[in-house]
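Me: Could you take a close look at one part of this model for me? I'd like to hear about the metal site and whatever surrounds it.

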Amino acid sequence: MTQLKETGWNFDNSYARLPKLFFESVEPAPVQAPALVIFNHSLADELGLDTKKLASKEGVEQLAGNQLPAGAEPIAQAYAGHQFGNFTMLGDGRAVLLGEQVTPAGERLDVQLKGSGRTRFSRGGDGRAALGPMLREYMISEAMHALRIPTNRSLAVVTTGESVMRETELPGAVLTRVAASHLRVGTFEYAAGAGTKEELQALADYAIERHYPDIEDNEDKYLALFDEVVKRQAALIAKWQMVGFIHGVMNTDNSSISGETFDYGPCAFMDEYHPATVFSSIDMQGRYAYQNQPAIGQWNLARFAETLVPLLHESQEHAVEMAQEILSTYEEVYHNEWLAGMRAKLGLQQEEDEDQTLAEELLRIMEAHRADFTNTFRALTLAQPEDTPMSGTEEFAQWFEQWQARLDREDEATASSYEVMKNANPSVIPRNHRVEEALEAAVEDGDYSVMERLMNALSDPYAYSSEQEEYTKLPEPGTGPYRTFCGT
Ligand code: AMP
Ligand code: MG
């Protein structure tokens, strides 16, 4: 087949220049009959790609892994990870990194095919992915991006014309995923376990160059790297908490060094506010419940710190102390991010000592009345508190009065507070019943219009447009608790 010319690919593959330990060269396995089912035009533009060419029949061959774009150097990345607390050797078992696209704006982004066939790291798996979970990742990652939460993104999904065997036979698909990088805490765990000190150092230098170039000349640059990752992870998880996002599988291999949300498997958004909410069917202990996410973030960072010890100081004891000191800042960084986020959700631009209590008291009342997380803040933003299930209760009336008094103490006019709230409280989130409905139409009936309408509503969640109203509705009562499955 002839190469498709001038698609706009501009690869420079720095990861492939790392020591061989970190990857295996492997080509995506061809698929029978690729067909494009969803394509992200605006992301393609950002990447500097020719949308028309890439979405054409020949372009789709690239998105399916049947043909390599010019400049691609396909590899599977090696990594390890703590899964539900247990250390395991992993690696890309069903994904291939095509390379790093250098965008017209000068950004360097990984382009990866997920579901692209077996690799050395596939263990018992088939290296493939089913259509439903790939569409789900596409929808939720793009929704997260629109929510202004750092995340990897989705460029396209193609169906393969082949089926994959799971519990039942399902249509196969390949997702093209775009990320700041695919460096994970688990990549460092792999280096620390399987590599030499030089190889570990090469990885750390690479992470610094790629994500934290400002610290390159720092005297203690590996400690500074840890410090930066602590800050990014704390900020990220605080943002999840602000929109009720539950990642579901916060294993260290799913914890990114760049601070992006990463690995969309059993994730879901909470409707009714309850801190112990868990959706994942395999998370029996609730390890990754909503309320545990901040602490798990710190646990994952402790695993990261352990890998860095040999680079921090000659004396192991001293190195551990240095790392612990930084790790202990996590709680405060997280708390400050959380509080800043809650202040914005309540329209507060100044700081008062009692703000935390005000926020916590609201959450407590919401929990007691099983209030919907998103819609409660939406109702407050629209000055329609009567739309919440707590309305009419004494405790909520009291809280509301305190909040109004607090707003009155702001220097800025109240209108400005409501503007702040509008930018902090999404009017819509990808509600589980809507996501399921869209997936069902697409996978069962080949009807992508439901998903397109949903994605359109989610594309600007802070718009408060009238088209979004339909998507603020809750599932029918009695539909039972929502369950998610690890998307394979
Ligand atoms: P995840 O649950 O997506 O974080 O994946 C955990 C590990 O299992 C990674 O090493 C994946 O590459 C691997 N994996 C998941 N599904 C498959 C599959 N169908 N075939 C091969 N490897 C897989
Ligand atoms: Mg993973």
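Reply: Here is a walk through the metal site, then the largest cavity, then a helix and a loop. Keep in mind that this is a predicted model.

Let's start with the metal. The magnesium ion (ligand 2) has Asn254 and Asp263 as its protein donors. Asn254 uses its OD1 atom and Asp263 an OD atom, and these donors lie 2.1 to 2.2 Å from the ion. Are the two residues buried or exposed? Asn254 has a relative accessibility of 8%, so this residue counts as buried, the cut-off being under 20%. Asp263 comes out at 22%, which means that it is partly exposed.

Asn254 also takes us to the largest cavity. The structure holds three cavities of 30 Å³ or more, and the largest has about 80 Å³ of space. Its lining is made up of 14 residues, and Asn254 is one of those that lie nearest the centre, along with Gln233, Trp240, Met250 and Ser255. So a residue that gives the magnesium ion (ligand 2) a donor is also part of the wall of this cavity.

What sort of residues make up that lining? Eight are polar, five are nonpolar and one is charged. As for where they come from, α7 (221-243) and α8 (293-312) each supply at least two of them. The largest share belongs to α7, with four residues.

Now for a helix, α9, which covers residues 316-327. With 12 residues at 1.5 Å a residue, α9 should span 16 Å, and its end C-alpha atoms are indeed 16 Å apart, so expectation and model agree. Its buried residues are Ala319, Met322, Ala323, Ile326 and Leu327. Looking down the axis of α9, you'd find these buried residues within an arc of 135 degrees, so they line one face of the helix. Glu317 and Glu325 are exposed on the other side of α9.

One last stop is the loop between α1 (41-47) and α2 (51-54), where Gly48 is found. With a relative accessibility of 27%, Gly48 counts as partly exposed. Gly48 is 38 residues from Asn10 in sequence, while their C-alpha atoms are 8.4 Å apart in space.

To come back to your metal site: the pair to look at is Asn254 and Asp263, with Asn254 buried and Asp263 partly exposed.

Technical notes. Residues numbered from 1 in each chain as written. Chains lettered and ligands numbered in written order. Predicted model: local features only at pLDDT ≥ 70, side-chain atom pairs only at ≥ 80, totals over all residues. Heavy atoms only, no water. Donors = N, O, S within 2.8 Å, 3.2 Å for Na, K, Ca; no water. Buried < 20%, exposed > 50% of the residue type's maximum accessible area, 1.4 Å probe, protein only. 1 Å grid on protein atoms, 1.4 Å probe; cavity = no way out; pocket = protein on both sides within 12 Å on 5 of 7 lines; lining within 4 Å. Points joined across faces, edges and corners; volume = space filled by probe spheres on them. Helix = DSSP H or I, 4+ residues; strand = E, 2+ residues; numbered from the N terminus. Nonpolar A, V, L, I, M, F, W, Y, C, P; charged D, E, K, R; others polar. Expected span 1.5 Å × (residues − 1). Arc of directions from axis to C-beta.
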